[in-house]
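Colleague: Could you take me through the salt bridges in this one, slowly? I'd like to know who pairs with whom and how covered each partner is.

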Amino acid sequence: MEQPEARPSPAEFAERSWRALERLDHKILSLLERLALPLLRLSLGLVFVWFGILKIAGESPVTKLVADTVYWLNPAWFVPVLGLFEVLVGVGLLLGRGLRLVLVLFALQMIGTFLVLITQPDVAFQHGNPLLLTTEGEFVVKNLVLLSAGLMIGSRLQALPKWRS
């Protein structure tokens, strides 16, 4: 006659549950390790292509902000050229080719966005207070996150999968 299977003690149940959670955590982290960096690169590339195309098409909501920031350049040609530059950087990120050069160009463009804080503080800050950002100021300061994303990609170039053509 078969004996009924003994139920695990609460401590054994907790230990088994903990091990199962650790295995699940390891699988999730392994997946994130493989996907996060390429997804970051692709999403950054997509954003750059999208924003660049809007500038080229004359449909960007930041055209006036850009024109007023680099007031010494003619916006009729500068904004579309900036858009083309952004599209090229975005395509470089999407293709994953020449990333060292692409990321240098990316960083230059990102750093350039902070000119708004210098040339147009009245547009970036409420009442001249650098702690009180306007909508435009928030738009510019969030570029710290994009710049950090580019730096992360650059710091992990060896970890990115190699694409074969």
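Here is a walk through the salt bridges, with the overall fold first.

Modeller: Sure. This is a predicted model, so local features need pLDDT of at least 70 and side-chain atom pairs count only at pLDDT 80 or more, while totals for chains, interfaces and linings use all residues. Residues are numbered from 1 along each chain as its sequence is written, and side-chain values use heavy atoms, with hydrogens and water left out.

The protein chain has 8 helices and 2 strands, in the order α-α-α-α-α-α-β-β-α-α. Those are DSSP runs numbered from the N terminus: H or I over at least four residues for a helix, E over at least two for a strand. The C-alpha trace spans about 95 × 50 × 25 Å along its principal axes. Of the 165 residues, 30% count as buried; buried is under 20% relative accessible area, exposed is over 50%, and partly exposed is in between (1.4 Å probe, protein chains only).

Now the charges. The protein chain carries 15 positive and 13 negative side chains, counting Lys and Arg as positive and Asp and Glu as negative, with His and the chain ends not counted. The structure holds 3 salt bridges, each meaning a side-chain nitrogen of Lys or Arg within 4 Å of a carboxyl oxygen of Asp or Glu.

Start in helix α1, residues 10–56, where Glu15 and Arg19 sit 4 residues apart, about one turn of the helix. Their side chains meet at 3.3 Å, N to O. Glu15 is partly exposed, at 39% relative accessible area, and Arg19 is partly exposed with 39% as well.

Helix α1 also supplies Lys55, which pairs with Glu86 of helix α3 (residues 75–95), so this bridge ties together parts that are 31 residues apart in sequence. The closest N and O atoms of Lys55 and Glu86 are 3.0 Å apart. Here the partners are covered: Lys55 counts as buried at 7% relative accessibility, and Glu86 is buried at 4%.

That leaves Lys64 and Asp68, whose side chains meet at 2.5 Å, N to O. Both belong to helix α2 (residues 63–69), and being 4 residues apart they are separated by about one helical turn. Lys64 counts as exposed at 59% relative accessibility, whereas Asp68 is partly exposed at 31%.

So, to put the pairs side by side: Lys55 is buried and so is Glu86, while Glu15 is partly exposed and Lys64 is exposed.

Note on methods: Charge placed at Lys NZ, Arg CZ, Asp CG, Glu CD.
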